[in-house]
Amino acid sequence: MSYPSKTDVGDIKTKADSMCVKTYTFGPWTLITQKNHILPSKCSTPQVCHQKDEMTDSYHLCSFCRFQQELTLPQLPEMTFADNLLQIKHERGFGIEFNCLDALHLVDTKNDIMKVAVAEVWQNTRAECEYVKEVIKPFDWTFTTAYKGTLISTDSSLQVSETTERIDIEKLKVREKIMFFEDIHLFEDELADNGCAQCSVKIRVMQGSFFLLLRFFLRVDNILVRINDTRVYHEESKNYLLREYVSRESRISDLKVPSSLLTDPGELWTHLPIISSCYEKLEFPIC
């Protein structure tokens with residue numbers, strides 16, 4: 001048995017942007033993906049931003065001003081996809097969402113984690129690099145995030161608890177018809193050509209289940225690689241979702257892999273030791 005499904009694709013275009021929104025119905029679930037251009041480097045609507053709406057008692061803010069107001073980061077990633085998101089919502093109003101703003105909220109704004117771990121070695125290997133002098137600031141300039149998604153609800157929320165149950169990765173390897181697939185980029189930075197920091201989320205829907213992977217991938221050239229993965233899986237017969245968060249990390253000098261793998265997180269992750277992990281069951285609220 002499998003849920004009936006329906007896909008709607010819409011392009012919402014305005015003078016300021018070109019938004020692509022896709023909606024997919026999977027039984028009682030509605031999946032929404034949203035994609036747009038990268039965040040502009042300045043306010044796009046200065047004539048209306050910060051003006052109060054008397055009807056709603058709120059202020060108009062463009063994406064740039066909203067990110068500037070809500071985040072305390074000294075700088076944003078070079079490519080910040082402010083409007084991109086993946087939302088999975090049950091007909092009863094609860095669900096989970098993945099968006100750029102909440103992912104960046106978890107970046108350390110006061111401590112340079114990389115400086116503690118490897119910055120001395122990195123500075124020694126790049127003593128002449130001007131970027132080193134600029135980025136060693138009291139914030140995590142690698143934009144490392146342990147984002148696991150944002151729970152959403154209208155009346156009641158998913159109930160989160162630890163679990164010993166695991167996502168069956170081998171089952172997911174079995175070839176099965178893909179009913180819906182999307183890959184959404186949240187942010188990316190090339191660390192001034194000294195590596196890369198990327199965050200994206202992928203989802204695929206099969207006939208009786210859906211699976212998503214949010215991945216943060218960091219590579220500081222010649223120094224370190226880090227992968228923070230959040231996996232969420234749901235089968236139609238279950239009244240819960242499984243969520244697994246695993247952080248992996250290694251100094252590049254400790255890895256015995258071909259250099260080509262250092263730019264391919266899809267192959268690299270199995271070679272990295274686990275630093276931390278969290279396994280959770282997200283149960284439907286009681287009616």
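## Exercises on a predicted structure

An open sheet of eight strands runs in the order 6-11-12-13-14-15-16-10, with antiparallel pairing; two strands pair if DSSP finds at least two bridges between them. Strands (E, at least two residues) and helices (H or I, at least four) are DSSP runs, numbered from the N terminus. This is a predicted model, in which local features need pLDDT of at least 70 and side-chain atom pairs count only at pLDDT 80 or more, while totals for chains, interfaces and linings use all residues. Residues are numbered from 1 along each chain as its sequence is written, and side-chain values use heavy atoms, with hydrogens and water left out.

### Exercise 1: the edges of the sheet

Find which strands stand at the edges of the sheet, and what joins strand 6 to strand 11.

*Solution.* Start with the ends of the order: strand 6 and strand 10 (159–162) stand at the edges. Each has a single partner strand, so one side of each is left without a neighbour in the sheet. Next, look at strand 6 and strand 11: they run antiparallel and are joined by two bridges. Finally, pick out Met79, whose bridge partner in strand 11 is Glu188.

### Exercise 2: helix 1 and the core

Work out which residues of helix 1 are buried, and what covers them.

*Solution.* Buried means under 20% relative accessible area, exposed over 50%, and partly exposed in between (1.4 Å probe, protein chains only). In helix 1 (residues 63–70), the buried residues are Ser63, Phe64, Cys65 and Phe67. Their cover includes strand 6 (79–80) and helix 2 (100–105).

Now move to the nonpolar core, a set of buried Ala, Val, Leu, Ile, Met, Phe, Trp, Tyr and Cys residues joined through side-chain atoms within 4.5 Å. The largest one has 51 residues, and Phe67 and Leu104 are among those with the most contacts inside it. Strand 13 (residues 209–220) gives this core its largest share, six residues. Apart from it lies another core of 11 residues, including Ile252 and Leu272.

To finish, list the contacts (heavy atoms within 4.5 Å) of Leu104. Leaving aside neighbours within four places in sequence, its partners include Phe67, Leu76, Phe143 and Phe187.

### Exercise 3: salt bridges

Compare the salt bridge of Lys35 and Glu182 with that of Lys173 and Glu170.

*Solution.* A salt bridge is a side-chain nitrogen of Lys or Arg within 4 Å of a carboxyl oxygen of Asp or Glu. The whole structure has 11 of them.

1. Lys35 and Glu182 meet at 3.0 Å, N to O. This pair links distant parts of the chain, with Lys35 in strand 3 (residues 29–35) and Glu182 in strand 11 (residues 180–189), 147 residues apart.
2. Lys35 is partly exposed at 30% relative accessibility, whereas Glu182 is buried at 6%. Together with Lys22, they are linked in a network of salt bridges.
3. For Lys173 and Glu170, the closest N and O atoms are 3.1 Å apart. Both lie in helix 5 (residues 169–173), three residues apart, so about one helical turn separates them. Lys173 and Glu170 are both exposed.

### Exercise 4: cysteines

How many disulfides does the structure hold?

*Solution.* Apply the cut-off: a disulfide is a pair of cysteine sulfur atoms within 2.5 Å. The structure holds zero. Take Cys100 as a check: the nearest cysteine sulfur, that of Cys199, is 7.7 Å away. Cys100 is buried, at 0% relative accessibility. Cys196 is buried too, with a relative accessible area of 7%.
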